[in-house]
Amino acid sequence: MSQPVLLRQDEKNLLRTIVVGAGEAGLALARDLHRVSSFGLEPVGFLDDDESKQGRRFGGRRVLGTLADLEAVLESNRVDVVVVAIPSMPTHEVKQLGLRAAAQGVTVLHLPPFLSALQRQIAGTDMRALQVGPLIGRPEMHVVSRGAAEAIAGKRVLVTGAGGSIGSELCRQVYGFGPAELIMLDHDESNLHRTQLDLWGEALLDTESTVVADIRDSERIHQLFRDHRPQIVFHAAALKHLPVLERHPCEGVKSNVRGTENLVEAAIAYDVERFVLISTDKAANPASVLGATKRLAELVLEAHHGSDTVLTAVRFGNVLGSRGSLLHVVRDQLASGADVTVTHPDVNRFFMTIEEAVGLVLEAARMADGSSTYVLDMGEPVRIVDLVRNFANLLNIRDVKFRYTGLRPGEKLTEELFGCEEEALPTDHPRISMTKPPHAVPGFRAGLRELYDAASHNRPDEVFRHLRRLVPEYTPAPGLVSAVTAGAPYPDDF
């Protein structure tokens, strides 16, 4: 079995980096990355299509080959990151390079246009904002193994929520693995347009593989499975904003629970090989509607265990960089000079990057052999105020003022990765653990039907009562202040 491709870091905790382009921009970039260790990258060589430069050394680093040699150079030099330092390289070529590198578990960064670099006086300045280690207290991990690529190559793959932050990144990486068909499903055609444009450089929305559909519509979902016959399903579509679901619990049930069961039933009916649900750390000992509905979605998978379809789930922490996530709001508040709103001075969260999140999903598809939930080792939880201060330092902002609003209903001071009755078990990946979910409560299926009925008739009080019965560990958190007076400092999202 292929071994996971982890970040290999030297004694200074720097990522081994290949610079594409041994011209003036590439040489300046390599020099600056080596000189400024806070960028987190250590150049080990160059790639360049100029035959006269092959084998030559520039600044002590050799040109290791041409772009055609990318895969071989990445593997033989244990590379973690590729930085494209050819400002004139067409966008579609950069994207193709990114797909090739992603298939090797390597990240690609792109130097901004050279004029912008000159205006910043140092070629590598924009790399600083891309380094998450100083924010979350640990280096970013590449968790995708070559076995994940082999599990997807030549398969028909369906991604729900394909227009979202996680769904679109899943589509990008899956596309790079050479599936027989990539079916992108979302209920928002604008999101699909953006994802297709990112993947192919054009977005005509005229292919059978670009699907507008609502996962709540069972008949429509069965029609899609019948027509496309997907072999692997990545289920990213969900309602994820915690304060919204506290106010609208019926909608959370319709999407996160009933929508998931619609997909699971269709997957089993049409012989899907592997089904991966994207869940959240808020499902462990949930205190919110978001957590309770996602815990129920995990239990829906367990209730259907025993079919030929392998059903599994992954739990995410808060995903840095996802649309509507913390950093986007904090960036805007810092830029405007406003106070940064935080719920509580001691609130902390587990954080991961989009790349780590998608890597966990792909590894789960490779490893899963039965009903289980996978969790990435995200290190210790990070205090929000510390993350904000670190982010401000990266932006050269020294004076940060906070306004504390109080925990809102459904929020915890600290999240957990495993529930009170769950045990963390090792996997063949050193940074991924798994747990076997406890058995559902007696009468689970009948309870689900009652929950669905209450949600469909928009009766929130009944929904809360059924959630507490179906998820006994669900303990609603009332919050320190009401959602009305607290405002919305930032949405919880993954």
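Okay, let's start with two phenylalanines: F46 is buried, and F58 is buried too. Before I go on, keep in mind that this is a predicted model.

So what do those two do together? The structure holds two aromatic pairs. In one of them, the ring centres of F46 and F58 are 6.4 Å apart and the planes sit at 85°, so we call that pair edge-to-face. F46 belongs to strand β2 and F58 to strand β3, residues 57-58, so the pair ties together parts that are 12 residues apart in sequence.

The other pair is F402 with Y404. Here the centres are 6.1 Å apart and the planes are at 10°, so this pair is stacked. Are these two buried or exposed? F402 has a relative accessible area of 17%, and the cut-off for buried is under 20%, so F402 is buried. Y404 comes out at 40%, so Y404 is partly exposed.

Okay, back to strand β2, and on to the sheet. How are the strands ordered? It's an open sheet of four strands, running β2-β1-β5-β6, with parallel pairing. In general, strands of a sheet pair through backbone hydrogen bonds, either parallel or antiparallel. At the edges you'll find β2 (41-47) and β6 (107-110); each has a single partner strand, so one side of each has no neighbour in the sheet. From one strand to the next, the twist averages 30°.

Let's zoom in on β1, residues 15-20. Six bridges join β1 to β2, and the two run parallel. If you want a spot to click on, T17 stands opposite P43 in β2.

Now the helices. Helix α1, residues 24-35, packs on the sheet and touches β1, β2 and β5 (81-84). The direction of α1 makes about 155° with that of β2. Helix α3, residues 91-102, also packs on the sheet, touching β1, β5 and β6, and its direction is at about 160° to that of β6.

Last stop, the nonpolar cores. In soluble globular proteins, nonpolar side chains tend to be buried together. The largest core here has 45 residues, and those with the most contacts inside it include I166, L170, F234 and Y374. Which helix gives the most to this core? That's α14, residues 354-367, with nine residues. Take F234 as an example: leaving out residues up to four places away in sequence, its contacts include I152, L170, V276, L362 and A365. Apart from that core lies another, of 24 residues, with L245, V253, F444 and Y474 among them.

Methods. Residues numbered from 1 in each chain as written. Predicted model: local features only at pLDDT ≥ 70, side-chain atom pairs only at ≥ 80, totals over all residues. Heavy atoms only, no water. Core = buried A, V, L, I, M, F, W, Y, C linked by side-chain atoms within 4.5 Å. Buried < 20%, exposed > 50% of the residue type's maximum accessible area, 1.4 Å probe, protein only. Contact = heavy atoms within 4.5 Å. Pairing = 2+ DSSP bridges. Axes fitted to C-alpha atoms, helices over the stretch in contact; angles between N-to-C directions. Phe/Tyr/Trp six-rings, centres within 6.5 Å; stacked < 30°, edge-to-face > 60°.
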